[in-house]
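Let's take a walk through this one together, going from the overall outline down to a single sheet and back out to the partner chain. Have the viewer open as you read.

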Amino acid sequence: MPYTSELKELIKKVEETRPARVEKKRSGEEFPLLSLKEREERLKKYHPDFKEGSRKEIRVGPNKGYAISPEIVNILEAKSRVNPDLIDLEKVAYETDVLILGGGGAGTAAALTVQENGAKVLIATKLRHGDANTMMAEGGIQAATKGTKDSPYYHYLDVLGGGHFKNVPELVYTLVTEAPKVLEWLENLGCMLTKLPEGQLKSLHGGGTCRKRMHYAADITGAEIMRTLRDEARNRAEDIKVLEFSPAVELIMNEYGHCAGAVLYNLETEEYFIVKAKAVVMATGGSGRLHIQGFMTTNHYGATGDGLIMGYRAGVKLCFLHTVQYHPTGAVFPEQAEGLLITEKFRGAGANVLNIDGQQFVNEREPRDVESACFIRECTEIGKGIPTATGKLGIWLDSPMIDILMGEGAVKREFPGKFILFKRYGIDISKEPMLVYPTLHYQNGGLEYNSRCETSIPGFFSSGEVSGGVHGENRLMGNSLLDVTVFGRIAGISASLYAKEKAKEGKLTLDHVRRYHKELEEAGIITDRVAPMLLPDYSNPNVRERQLTAHYLGTIR
Amino acid sequence: MEAQEVKKEEMVPIFIMGKRYEVPSSITIQKAFEYAGYQLIRGCGCRGGICGACGTVYRFPGSYKIEVGLACQTVVQPNMYLTQIPFFPATKSTYDLEKIKPTIESLVKAYPELLRCLQCNTCTKSCPMDIEVMDYMAAAMRGDVARLAELSFDCVMCGLCTARCPAEICQYNIAILGRRLYGKYIALKADHLASMAKEVDKGKYEQMLRGLMDSNEDELKNLYNVREIEPEQADEDWTPKDKTYL
């Protein structure tokens, strides 16, 4: 749907102020960045994390008393999908050295290094191999690779500044020092990173970076990385087996308290299967589909926080889940694109953000949480948001500036994915600005782990978005693709070494699930909620009312 | 949640696998499935037009034309007869990228059926991403790996081209082989990656990073505040004034 006549009228104000803003940009004059103190004030007043009712204490498990989003508490205070007494752990359907739960960027990177270490791998994933937030990451991947102006030292400082200086130091150290090596690895795998004619990687700023170190593959960086890793895993199909549409629903332990496998659920045949493994890597990703505080999300269909609850039931602590990342620029128009990620790279390439008067109110490159808080402030307290026909409010993202700054055709060349998409809606984003608003984007925290991806449970490793610590309280752009590749690879190495040298064969058990059920009962939590949720429910409530036997969970029972 | 947000509005009839449903006129095919009561398992991935899970074909009564789209990106239209093709069997050759070269021989050895291409253009007409599939297949047959990579870059691997190809070719897997060959062998190497990786391994940054790791929050905040910011409009040759930590 093209812009309505009302919105077209408002776009004129953006066009009026554009020439002067472009001149400012050319002369290097920037809208002033907020000081650390001002940042904190904006966050406390306007960021959704600080809204009343945004946090609730967990009543059971290793983090009892820790206050996080009620939507996540709900999946933690829920029963297993299946009664452990109904599961016969003697009937092992698959046996492998390393079981990887999740077939996204982290899981696939892990599979490659496990295979390189000579161990057998099984990837179990909820949807198709590669259906993951990695696929949807657009803007880029950070790495200090240009020694004449940048170094891991500055990358480290930026990561900490973004994360409110709360990040776990050893994780950040590993992230920034492995970064150049991971880029080299990706180039070697044939990833088509965007380059200058002489071969150097192009690089841009992201919110909160002091050097341009955001490397990218046009505006589909994550998709390019994901499809490359997946193609490589498929090339090694002899050693890397993949079970699609088979999410894990519970970890399996052994009598020594080591992790020794998982219970998988075939979404299509509704069977449960036992996988026995010497080591398990959790790489199930994030939880945007829990729609925290009712926010729209950029996340893929399966992002329901499954790994959090499986790990938590088994006894792994959670951390940094008290903050949630809202990406400042999710589409609010047209309606069918709602929540769709508009990459931060637009702002890195020079596009201003503007209110209804076509005026700037914040620098476009603040860290994500600060930028989002400023958007919300402008739309609420200041009252200068742009209203859409459906009653939503938005902020202008002035993409046409990029064509003026970088030369005609720059938007189409640098953002081919978004250009085509909006063209289909009748909007030419090289001529008209986009309408955006913060959207639920990233799970900053997760399972506690160390820089070798080890958790508190022997034989159980964690990597990628399901884990917490490296990004502190707020992740910077371009550090999630880096996270999944760096820690995915490390998880694979650690898990394969463990499988070879330390794993101890023992009797399988689901007693931890029984104990967790008992704890729920003792805490007085009576609920029919089950977790993991696996898939969000977007069905039509009127249809639901008529689905009288849906609770039979099948057709002929 | 997404379905619930749909307001009372104009309804249109659509035919999901031949069966009629009335759905709001402004929603996507994907949301229309959910509105009609389907819980999607297959045919739904990123919901953002990039993962290729939801390739859909449709037709209008009285029209010979087969139309295509991604269900998550295509708005419903009255009287469309649609079905999803969430999976289509594909040939996937396995290769060791280290051992092959960016040549026509590599492409043909991996996918001999490439040479069966009739240049009929059905693939291009089947592409929901508006990719010139036939043109990249022509480039592949000429052994022009760079052009193959460039033309196929936006491919989401939904498989609609493969489903309709009369020569039974799996275009998108040929395309990714082309792109990987291009990325590894034809694009000039980014030498700064190897040199930076080497410096890291030699421990050049070890001491300064350990220094940061041992600093308290106030010291870190000071260092953060005084760090020099590369101007946005700076060109590739820009260097900072303070080179202590480079």
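## A tour of chain B

Let's start with the strand pairing. Strand E1 (residues 11-16) of chain B and strand E5 (residues 81-84) of chain B run parallel and are joined by two bridges. If you want a spot to zoom in on, take Phe15(B), whose bridge partner in E5(B) is Tyr81(B). Keep in mind that what you're looking at is a predicted model.

Now zoom out to the sheet that this pair belongs to. It's an open sheet of five strands in chain B, in the order E2-E1-E5-E3-E4, with mixed pairing. Strand E2 (19-24) and strand E4 (67-70) of chain B sit at the edges, each pairing on one side only. From one strand to the next, the twist averages 35°. As a bit of background, strands of a sheet pair through backbone hydrogen bonds, either parallel or antiparallel.

What lies across those strands? Helix H1 (residues 29-36) of chain B does: it lies across E1, E2, strand E3 (55-59), E4 and E5 of chain B, and it runs at about 110° to E2(B).

Step back once more and take in the chain. Chain B has ten helices and five strands in total. Its radius of gyration is 25 Å, well over the 18 Å that the globule rule gives for 246 residues, so chain B is more spread out than a compact globule. The C-alpha trace of chain B spans about 75 × 55 × 30 Å along its principal axes. Buried residues come to 39% of the 246 residues in chain B. Of the contacts in chain B with a separation of 6 or more, 59% are between residues 24 or more positions apart.

Chain B is divided into domain 1 (11-84) and domain 2 (97-186), and the C-alpha centres of these two domains lie 27 Å apart. Where they touch, seven residues of domain 1 of chain B are in contact with seven residues of domain 2 of chain B. On the domain 1 side, E4(B) supplies the largest share, three residues. By class, that side has four nonpolar, three polar and no charged residues.

Finally, bring in the other chain. The contact between them takes 77 residues from chain B and 77 residues from chain A. On the chain B side, H1, helix H7 (171-186), helix H8 (191-201), helix H9 (206-213) and helix H10 (217-226) each supply at least two residues. H8(B) gives the most, with nine residues. By class, the side of chain B that touches chain A has 42 nonpolar, 16 polar and 19 charged residues.

Note on methods: Residues numbered from 1 in each chain as written. Chains lettered and ligands numbered in written order. Predicted model: local features only at pLDDT ≥ 70, side-chain atom pairs only at ≥ 80, totals over all residues. Pairing = 2+ DSSP bridges. Helix = DSSP H or I, 4+ residues; strand = E, 2+ residues; numbered from the N terminus. Axes fitted to C-alpha atoms, helices over the stretch in contact; angles between N-to-C directions. Contact = placed C-beta atoms within 7 Å. Nonpolar A, V, L, I, M, F, W, Y, C, P; charged D, E, K, R; others polar. Rg over C-alpha atoms; globule rule 2.2 N^0.38 Å. Buried ≥ 20, exposed ≤ 12 C-beta atoms within 10 Å, placed from the backbone. Domains from an automatic or database assignment.
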